[in-house]
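This report looks at buried charge, salt bridges and enclosed space in one protein chain. The sequence and the model come first.

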Amino acid sequence: MASQSPTLLLIEDIPADQEMTRRALASANDSVTLVVVHDGEEAMDLLLRRDVYAANETPTPDLVLLDLNLPKLSGKDVIRGVRAEDSLKHLPLVVMTTSHAPEDVLESYRLGCNSYLLKPNRFDEFVITMQQLTSYWFGSVRLPT
């Protein structure tokens with residue numbers, strides 16, 4: 001892992017879920033920089049440095065946490081888009097959603113997500129999930145630089 005703090009990109013359209021993630025992440029690992037975008041199209045713009053993000057100083061994230069049900073471009077479309085770009089293919093993608101549907105799980109993995117998590121209902125469970133997520137991805141896994 002690089003010496004600078006890792007960056008997590010959250011792609012989530014529901015403000016309450018954004019805030020829950022922000023608070024849980026701060027409780028779990030305050031060294032992670034969180035960047036939030038509100039839909040799949042904005043996420044691809046940021047990742048590809050298009051439009052309003054053309055001159056953006058935000059580093060390419062070390063990890064992407066995304067919902068499946070997003071406006072403009074769905075989470076599955078984001079996975080497709082990221083995996084289609086040579087400069088982004090290495091980017092770890094973790095789906096975090098409320099969908100228990102087996103077809104969503106299977107399709108997400110077939111498209112190239114690295115993990116599929118169910119959104120916790122309670123804050124204490126959310127903190128534990130963020131602790132496990134950040135410990136694994138930023139502590140145990142060797143990420144490309």
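What follows covers two acidic residues, the salt bridges, the cavity and pocket, and one helix.

The model is predicted.

**Two acidic loop residues**

Start with aspartate 67. Aspartate 67 sits in the loop between β3 (63-66) and α3 (75-84). Its relative accessible area is 4%, so aspartate 67 is buried. What does aspartate 67 touch, leaving out residues up to four places away in sequence? The list is Ile11, Glu12, Asp13, Gly75, Met96, Thr97 and Lys119. With threonine 97 there is a side-chain polar contact of 3.2 Å. Aspartate 13 lies 54 residues from aspartate 67 along the chain, yet their C-alpha atoms are separated by 8.2 Å.

Glutamate 12 belongs to another loop, the one between β1 (7-11) and α1 (15-28). Glutamate 12 is buried too, because its relative accessible area is 3% and the cut-off for buried is under 20%. Beyond four places in sequence, glutamate 12 touches Asp17, Gln18, Val37, His38, Asp67, Leu70 and Lys119. Aspartate 67 is thus on the contact list of glutamate 12, and Glu12 is on that of aspartate 67. Lys119 appears among the contacts of aspartate 67 and among those of glutamate 12.

**Salt bridges**

How many salt bridges does the structure hold? The count is 13. Three of them are set out here.

| Pair | Closest N to O distance | Relative accessibility |
|---|---|---|
| Aspartate 17 and lysine 119 | 2.8 Å | aspartate 17, 22%; lysine 119, 12% |
| Lysine 76 and aspartate 104 | 2.7 Å | lysine 76, 15%; aspartate 104, 18% |
| Glutamate 107 and arginine 80 | 3.1 Å | glutamate 107, 29%; arginine 80, 37% |

Take the bridge between aspartate 17 and lysine 119, at 2.8 Å. Aspartate 17 is in helix α1, while lysine 119 is in the loop between β5 (115-118) and α5 (123-140), so this pair ties together parts that are 102 residues apart in sequence. Aspartate 17 is partly exposed at 22%, whereas lysine 119 is buried at 12%.

The bridge between lysine 76 and aspartate 104 spans 2.7 Å. Lysine 76 lies in helix α3 and aspartate 104 in helix α4 (residues 102-111), so the two tie together parts 28 residues apart in sequence. Lysine 76 counts as buried, and so does aspartate 104.

Glutamate 107 and arginine 80 form a bridge at 3.1 Å. Here again α4 and α3 are linked: glutamate 107 is in helix α4 and arginine 80 in helix α3, 27 residues apart. Glutamate 107 is partly exposed, as is arginine 80. A network of salt bridges links Lys76, Asp77, Arg80, Asp104 and Glu107.

**Enclosed and open space**

A search of the whole structure turns up 1 cavity of 30 Å³ or more. The largest cavity has a volume of about 50 Å³. Its lining is Leu10, Ile11, Glu12, Asp17, Thr21, Leu65, Leu66, Asp67, Met96, Lys119 and Phe126. β1, α1 and β3 are the elements that give two or more residues to that lining. Which classes make up the lining of the largest cavity? There are 6 nonpolar, 1 polar and 4 charged residues. The lining includes both loop acids, Glu12 and Asp67, and both partners of a salt bridge, Asp17 and Lys119.

The largest pocket holds about 310 Å³ of space. Its lining has 20 residues, and the closest to its centre are Thr60, Pro61, Asp62, Pro144 and Thr145. By class, the pocket lining has 12 nonpolar, 7 polar and 1 charged residues.

**Helix α2**

Why is helix α2 (residues 40-48) described as largely enclosed by the rest of the structure? Because 7 of its 9 residues are buried. These are Gly40, Glu42, Ala43, Met44, Asp45, Leu46 and Leu47. The cover over the buried residues of α2 includes β1, β2 (33-37) and α3.

Both ends of the helix have a local feature. At the start of α2, a side-chain oxygen of aspartate 39 comes within 3.0 Å of the backbone nitrogen of glutamate 41. Just after α2, arginine 49 has a positive phi of about 60°.

Notes:
Residues are numbered from 1 along each chain as its sequence is written. This is a predicted model: local features need pLDDT of at least 70, side-chain atom pairs count only at pLDDT 80 or more; totals for chains, interfaces and linings use all residues. Side-chain values use heavy atoms; hydrogens and water are left out. Helices (H or I, at least four residues) and strands (E, at least two) are DSSP runs, numbered from the N terminus. Buried means under 20% relative accessible area, exposed over 50%, partly exposed in between (1.4 Å probe, protein chains only). Contact means heavy atoms within 4.5 Å. A polar contact is a pair of N or O atoms within 3.5 Å; within protein, one must be able to donate a hydrogen and the other to accept it, and residues adjacent in sequence count only if both atoms are side-chain atoms. On a 1 Å grid over the protein atoms alone, a cavity is a set of points where a 1.4 Å probe fits but cannot get out, and a pocket is an open set with protein on both sides within 12 Å along at least five of seven lines; lining residues have an atom within 4 Å of a point. Grid points are joined across faces, edges and corners, and a volume is the space filled by probe spheres set on the points. Ala, Val, Leu, Ile, Met, Phe, Trp, Tyr, Cys and Pro count as nonpolar, Asp, Glu, Lys and Arg as charged, and the others, Gly among them, as polar. A salt bridge is a side-chain nitrogen of Lys or Arg within 4 Å of a carboxyl oxygen of Asp or Glu.
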